[in-house]
Amino acid sequence: MTNQFAPDYIHTIAPYQAGKPISEVAREFGLDPAKIIKLASNENPMGMPESACKAAQAALTGDNGRYPDANGFSLKKAVSERYSVPMNWITLGNGSNDIIDIAGRTFAKNGDSIVFSEYSFIVYMLTAKAVGATGIEVPSKNYGHDLDAMLKAIREDTKIVFLANPNNPTGTFLEPEEIEAFLDKVPSNVVVVIDEAYNEFLDDSIQYDSTAWVRKYPNLLVSRTFSKAYGLASLRVGFGLAQPELTDLLNRVRQPFNTNAAAQAAAIAALDDVEFLKKSAENNAQGYKMLTQAFEEMGLEYVPSYGNFVLVKVGDDVDAGARVNLELLKRGIIVRPVKGYKLPEWLRISIGLPEENQAFIKALKEILV
Ligand SMILES: *Cc1c(COP(=O)(O)O)cnc(C)c1O
């Protein structure tokens, strides 16, 4: 399996399995692409906000032969104002996956270790492998992070701990008190990355302020994305927040032009579009009720979720996820099998528009009842 071109650890990487694109399912199953429903990649079912779309288009009417602002001044200024943080805390990313990757390349090297939870975002494992670090996967507790066990798993050679809150693909939530107690105990030379890709979906009653932790802990990096609640998945833009010392290091490793001009402009507009964000969160809360009520009626186990998706158990055998997924695909509904996460009996359903959720529920009933 190995060859001369790459170190052995590169050969251990299994390429990331993205949600199936609509065009591919249309081709494979002979379906009309316009009728296919995609609930597979936790994208915003409302699409890109109109405001952001206009801003991106306007950005493309200027002189596009020029490079974008390598420092993303205007977007950083907008983020700084929106989240009340200094501009020298901000690292822009080509999606927050880029922030995760930059963190891996900045803080870890071949032979080090990186700690993350079982059933957490697979990109943490991929990041560890890409730099030749050992990925230490800590068994989960009730499908979420077991922070005590994660603390114990930290070794001399551990450079990064990844937490996802809410977590993907399980949707579990860590209480702010638990996180703060964890941050107090992590050795100060270990960088903690809190991936908050789904933060904007949290109900006001449980929302918390991680920027206060960034102020307090010099070893903390918080990552955010415009791909989910802000609806900009196609443009690839996210950011990291950390004190200037970490931010300076990240910016040494970051590609100079990692966020493009259209993405920067769209993100600025999306940040201002509070109405869109509110509507996204409302649609999500309603859709969550609709899906989970149906699961309860059908007697299906699901993991209570704080994100814009729900993990549901569709059978007891190890082929259940694949079998039900295939039946859904035949009916033009794309969801996400999570066998790669060692959850072969489960499927992850992104919350869609009401009619999309309804169509999914109808299909699932046909298949299972
Ligand atoms: C979707 C997701 C991201 C965001 O990815 P982008 O690169 O910003 O599109 C990051 N972390 C988790 C856990 C996610 O589920």
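These legends describe three close-up views of a predicted model.

**View 1. Aspartate 148 and a negative surface patch.**
Four residues form the patch: Asp148, Glu175, Glu177 and Glu178. Aspartate 148 belongs to helix H7, which spans residues 147-153. Its relative accessibility is 48%. Aspartate 148 therefore counts as partly exposed, since that class lies between the 20% limit for buried and the 50% limit for exposed.

**View 2. Threonine 91 and its contacts in strand S2 and beyond.**
Strand S2 covers residues 90-93 and includes threonine 91. Relative accessibility here is 1%, so threonine 91 counts as buried. The cut-off for that class is under 20%. Residues up to four places away in sequence are not counted among the contacts that follow. Threonine 91 touches Ile99, Gly238, Phe239 and Gly240. Threonine 91 also touches Thr247, Leu250, Asn251 and Arg254.

**View 3. Glycine 321 in helix H13.**
Helix H13 runs over residues 320-330 and holds glycine 321. With a relative accessible area of 2%, glycine 321 is buried. Which residues is glycine 321 in contact with, leaving aside neighbours within four places in sequence? They are Val314, Pro344, Glu345, Trp346 and Leu347. Proline 337 gives a further reference point: its C-alpha atom and that of glycine 321 are separated by 6.0 Å. Along the chain, glycine 321 and proline 337 are 16 residues apart.

Technical notes: Residues numbered from 1 in each chain as written. Predicted model: local features only at pLDDT ≥ 70, side-chain atom pairs only at ≥ 80, totals over all residues. Heavy atoms only, no water. Patch = residues over 30% accessible without salt bridge, like charges linked within 9 Å, V, L, I, M, F, W, Y side chains within 5 Å. Areas by Shrake-Rupley, 256 points an atom, 1.4 Å probe, with all protein chains shown as cover. Salt bridge = Lys/Arg side-chain N within 4 Å of Asp/Glu carboxyl O. Lys, Arg positive; Asp, Glu negative; His and termini not counted. Charge placed at Lys NZ, Arg CZ, Asp CG, Glu CD. Helix = DSSP H or I, 4+ residues; strand = E, 2+ residues; numbered from the N terminus. Buried < 20%, exposed > 50% of the residue type's maximum accessible area, 1.4 Å probe, protein only. Contact = heavy atoms within 4.5 Å.
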